[in-house]
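Open your viewer and get ready to select as you read. We will make a few stops together, and at each one you will hear what to pick next.

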Amino acid sequence: MKHRILLIIIIINLFCPVSAFNPDSLVQSGNRYYVNNDYQKAADTYQQIIDSGYTAPELYFNLGNSYYRMNNFAMAIVNYERALLLAPADKDIRFNLELANAHVVDKIDIIPEFFLKRWLRNLTKTATSNTWAILSMITFILFLIVLMAYLFATRRLVKQLSFYTFIISFMISVISFIFSAQRSKMLSERQDAIII
């Protein structure tokens with residue numbers, strides 16, 4: 001009986017091999033190619049990982065660096081922008097994007113936005129959608145706690161402090177929720193393009 005089970009397991013393994021795709025080993029291979037100045041193979045390796053469904057700001061950053069080293073500044077900019085969407089606060093990505101943009105020959109003048117719209121968009125970009133959502137949840141929980149304190153407080157000073165605190169926490173919660181939704185929309189419904 002044991003031999004039959006072992007034989008069935010061996011046959012299953014022969015005909016149904018486990019996927020050999022390992023993104024960590026591919027990242028290491030891509031990094032080795034990059035260190036050895038084989039930027040095309042590094043770019044191909046990083047792109048293979050991305051094409052298989054894995055995304056991370058580091059992958060796009062490394063892919064952008066590979067294209068930058070090959071003097072393909074347009075593709076470097078595309079991938080730095082993708083990395084920046086996933087990690088908006090990363091200073092290295094911003095720096096490399098500025099370096100790549102410095103190589104652009106044809107500068108297209110952008111119509112300036114209304115300052116308030118630009119300020120709100122930049123404020124929304126300061127954190128990821130998940131960060132805004134977590135902030136919204138935390139401040140909403142604080143709102144509920146302070147609301148309970150307001151409802152059950154007997155002293156006037158405590159009632160006043162809890163009243164103002166629950167109004168402020170509710171406003172922060174709603175604003176954070178809106179920023180989270182806007183940030184998510186920015187990632188999924190992109191309207192801008194990079195001309196290559």
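Start by selecting Phe 73, Ala 76, Ile 77, Tyr 80, Glu 81, Ala 83 and Leu 84 in H5, then add Ile 93, Arg 94, Asn 96, Leu 97, Ala 100 and Asn 101 in H6: these two sets meet. Colour them by chemistry and this contact of H5 with H6 divides into nine nonpolar, two polar and two charged residues. Please keep in mind that you are looking at a predicted model.

Now show the two helices in full, H5 as residues 73-86 and H6 as residues 91-101. Which way do they run relative to each other? Their axes come within 9 Å and cross at roughly 155°. Angles over 145 degrees count as roughly antiparallel, so H5 is roughly antiparallel to H6. Turn the view to look at the crossing, and you will find that H5 passes H6 in a left-handed way.

Next, step back along the chain to helix H3 (residues 39-51) and helix H4 (residues 57-69). Here the packing angle is about 155°, with the axes 9 Å apart. That makes H3 roughly antiparallel to H4. The crossing of H3 and H4 is left-handed.

Which side chains should you select at this second stop? From H3, take Tyr 39, Ala 42, Ala 43, Tyr 46, Gln 47, Ile 49 and Ile 50; their partners in H4 are Leu 59, Tyr 60, Asn 62, Leu 63, Ser 66, Tyr 67 and Arg 69. By type, the residues of this contact are 10 nonpolar, three polar and one charged.

For a single-residue stop, move to helix H8 (residues 129-152) and pick Met 148. Is Met 148 buried, partly exposed or exposed? Its relative accessibility is 44%, so Met 148 counts as partly exposed. Now add Ser 162 and draw a C-alpha to C-alpha distance: Met 148 and Ser 162 are 8.8 Å apart in space and 14 residues apart in sequence.

Finally, zoom out to the whole chain. How many helices and strands does the chain have? There are nine helices and zero strands, so reading from the N terminus you pass α-α-α-α-α-α-α-α-α. Switch on a surface, and the chain exposes about 14200 Å², of which carbon and sulfur atoms supply 64%. Of the 196 residues, 27% are buried. Among contacts with a separation of 6 or more, 54% come from residues 24 or more positions apart.

Key: Residues are numbered from 1 along each chain as its sequence is written. This is a predicted model: local features need pLDDT of at least 70, side-chain atom pairs count only at pLDDT 80 or more; totals for chains, interfaces and linings use all residues. Side-chain values use heavy atoms; hydrogens and water are left out. Axes are lines fitted to C-alpha atoms, for helices over the stretch in contact, and angles run from 0 to 180 degrees between N-to-C directions. Helices (H or I, at least four residues) and strands (E, at least two) are DSSP runs, numbered from the N terminus. Angles under 35 degrees count as roughly parallel, over 145 as roughly antiparallel, 65 to 115 as roughly perpendicular and the rest as oblique. A crossing is left-handed if the near helix is turned anticlockwise from the far one by less than a right angle, and right-handed if clockwise. Contact means heavy atoms within 4.5 Å. Ala, Val, Leu, Ile, Met, Phe, Trp, Tyr, Cys and Pro count as nonpolar, Asp, Glu, Lys and Arg as charged, and the others, Gly among them, as polar. Buried means under 20% relative accessible area, exposed over 50%, partly exposed in between (1.4 Å probe, protein chains only). Accessible areas come from the Shrake-Rupley method with a 1.4 Å probe; for residues, only the protein chains shown count as cover.
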